[in-house]
Amino acid sequence: MRSILDDEDYLEWQEFYTPTTVEGRKESAQAKFSRRLKLRAETVKPSPEKPGSGEAGQPDQPEQGGQWDVLAGLRNYAAEHVLLIGIPGSGKSSSLERLLWEEADNALKNPDAQIPVLVKLRRCTSSIAALIQDFLIGHQCPLDIKDIDYCLQQGKFLLLLDGLNELPEPFTIEAANFRNRYRRTTPMVVSTRDLSVGGTLNIKKTLKMLPLTGPQMQEFVRGYLGEAGKQLFQQLKGDDRLRKFAETPLLLWMLCRVFAEKSRVPANLGLAFREFTQLYDDAIQEDAPADARDQWPKLLRHLAFALMHDQRPTDFRLSMPREEAKNLLTECLQEEGRTNARGCAEKWLKELLDYHLIQPVIQPTFEEHIEFRHQLIQEYYAAEYLLRRLPNLTDDQLKRDYLNYLKWTEPIALMLALVDEEAQALRVVKLAIDDVDLILGARLAGEVKAGFHVQTIKFLEDLEVPDWLKVQLLGETRSDFVLNELRKVLQDKNHYHDMRKRAAFALIKLGSDNALKAIRELKNKDLDTYRSVVFRNPDLEPNFSEFLRFLKNNESDSLHIAKEKLEEIGSAILGLLEESDHHVFKSTVDTSRRLVAEGITKEIKKLENPDEKVRRSVADTLGNSKAEEAIPALSKVLKEDSSWEVRRSAASALGQIGSK
């Protein structure tokens, strides 16, 4: 146990680990959550396995159930055996390692506690018992197989089996027999991918990982990066695709590692993704075949580029049949003149599926496809492929086959950050601006390497377009090289209010500290413009009293912004309530009801307003609220109001409330 606690591998990650939440089949007591990141999951009912196939016949189906901290859920169900499933990077292995570490600490304090044992099933070469023996020897506890069998029979171990889907096929029956042999005595937790491959060992209880929520991302990013994390989180919030990418804990962690090394959030993601994939390569399991690693990036580029094409030129694919992938890689290796190209293609594709950023997926037709773990990763590798083709593409080919198609926008943006030759980078941007689309051209102007920004921004500044459009285009670049130009617009009193407002919103798109500082300076120079934009950006939130003063203008725009902010705050509070104890939840509900009741009371008084339109609108609002306390006032309106339209609205409201 001491050897486990002192293991440097666990010491390295334990500061970054955060408890994972899963949904169990029945309601659970409220878990105590760490202040670190909390992952979520739902319970699913595994489908029946085909006899002798080891594969599921139908996709797993979700079940209704309460939520669990993942470690509490695993401890709760380990005695009857539990399957922990999830996509690669969702936290399965980290959860098992954390459980190992915590149970080792517990066993040191409690001599009667079970001994945690963690084994990687992909390393199986003879038997599960031999894997257990290797683990124990590695932690200074050599035991004979007979002693291990005795401990299993006596229930001395808590057995954690990681990676059932990676278990070599010859040992599938061995694993099933092992589980049956000790199912009544030894608690077990088995992890596997969220895929219909590898079987389930007939384990009935299943806990499935869920993607990260916004508040969880924020907590992790700021916990990992400190104040710098605030900037990264704003980038995640502002980009739906990037946020979806970061819903997987491993990928979010990798992004944080890249940004930590950069000491700032890059204006584009091309180089960040290259470093990300290099970091991923370095972090690949130690037993991954070293001779194949040099081949993997090239093969991934070919797969990604092929997926960017479909039957219609405007479409792309997110997956392809595994057989098609084998044929594609075979052709790639044959062009290189490699001997036994087919054998290498099959071998390396299998290793990519085992160790890298692609995964198998079973289609509804039961055909096995391969796909990248996220669309952004696919687009990055497609960008790397296009980068190598760029010098050989004519201008017409570049415009017709790539700039002209929406599906290529993100890969091209990622590619431009990787282009080292200035002439090539400028060529792409110039073609986009002159011959394809101004907004696209402005976007790409900001994606090139920083050293090329002066020239690409000049392309936009030299355009003969209206000033308002030029300001918008400068904002689309998201480059600090346009900061001074936008500041001039803000400070020029000759520009009308809408023009200055556009410049302020363009600065918000830049998102840098200097850009936000320029907007804050408006507070003492142009309060109207400042008010127009300040409440739409979290980094510019004033204190609460200033917010109230802003609202007291009673302008429709300010009240609309207030409604948006109220919705954001309400959503955030609901997210926090999921993690709070019952008393906090109850008091919050009580407060909410009181505030709603106060609002209803104020609305009821407005039924006496002399303006007929106001009375009709209030009646409609009260009907939507379904507040029974409004019934007496609405009944009075129904009987006494002079306007038949108001009486009709009152009748409709009473019908919506719907009580007897």
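I began with pairing, where two strands pair if DSSP finds at least two bridges between them. Helices (H or I, at least four residues) and strands (E, at least two) are DSSP runs, numbered from the N terminus. With that in hand I looked up M320, and I found that the bridge partner of M320 in β12 is I370.

**Before going on**

I noted that this is a predicted model, in which local features need pLDDT of at least 70 and side-chain atom pairs count only at pLDDT 80 or more, while totals for chains, interfaces and linings use all residues. Residues are numbered from 1 along each chain as its sequence is written, and side-chain values use heavy atoms, with hydrogens and water left out.

**Entry on the three-strand sheet**

I then traced the sheet around this bridge, which is an open sheet of 3 strands in the order β10-β12-β11, with antiparallel pairing. Its edge strands are β10 (320-321) and β11 (358-362), each of which pairs on one side only. Between β10 and strand β12 (residues 368-372) I read 2 bridges, again in the antiparallel sense. As background I wrote down that strands of a sheet pair through backbone hydrogen bonds, either parallel or antiparallel.

**Entry on strand β7**

Next I asked myself how many residues of strand β7 (residues 157-162) are buried. I took buried to mean under 20% relative accessible area, exposed over 50%, and partly exposed in between (1.4 Å probe, protein chains only). The strand has 6 of its 6 residues buried, so β7 is largely enclosed by the rest of the structure. When I sorted the side chains by direction, F157, L159 and L161 pointed one way and L158, L160 and D162 the other way, and all are buried.

I followed the neighbours of β7 as well. Strand β6 (residues 115-120) runs parallel to β7 and is joined to it by 6 bridges, and here K120 stands opposite D162. Strand β8 (residues 188-193) also pairs with β7 in the parallel sense, over 3 bridges, and L159 of β7 stands opposite M188 in β8. Together with helix α7 (residues 172-182), β7 and β8 make a right-handed β-α-β unit, where right-handed says that, with the strands pointing away from the viewer, the path from the first strand over the helix to the second runs clockwise.

**Entry on aromatic rings**

For ring pairs I used rings of Phe, Tyr and Trp (its six-membered ring) with centres within 6.5 Å, where planes under 30 degrees apart count as stacked, over 60 as edge-to-face and the rest as tilted. By this rule I counted 8 aromatic pairs. One of them joins F305 and W408, whose ring centres are 5.8 Å apart with planes at 50 degrees, so the pair is tilted. F305 lies in helix α14 (residues 296-307) and W408 in the loop between α18 (395-403) and α19 (409-416), so the pair ties together parts that are 103 residues apart in sequence. Both F305 and W408 are buried.

I also looked at Y380 and Y381, which form an edge-to-face pair, 5.0 Å centre to centre with 65 degrees between the planes. Y380 is buried with a relative accessible area of 3%, and Y381 is buried at 4%. Ring pairs link these two with F273 and F372 into a cluster.

**Entry on helix α17**

Y380 and Y381 are among the buried residues of α17, so I checked this helix too. Helix α17 (residues 375-389) has 15 residues and reaches 21 Å from its first C-alpha to its last, close to the 21 Å expected at 1.5 Å a residue, the expected span being 1.5 Å times one less than the number of residues. I noted that α17 is mostly covered, with 12 of its 15 residues buried.

**Entry on two unusual phi values**

Which residues other than glycine have a positive phi near 55 degrees? I found N340 and R478, and I set beside them the general remark that most residues other than glycine have a negative phi. N340 lies in the loop between α15 (322-335) and α16 (341-355), and at 55% relative accessibility N340 counts as exposed. R478 lies in the loop between α23 (467-477) and α24 (483-491), and at 38% R478 counts as partly exposed.
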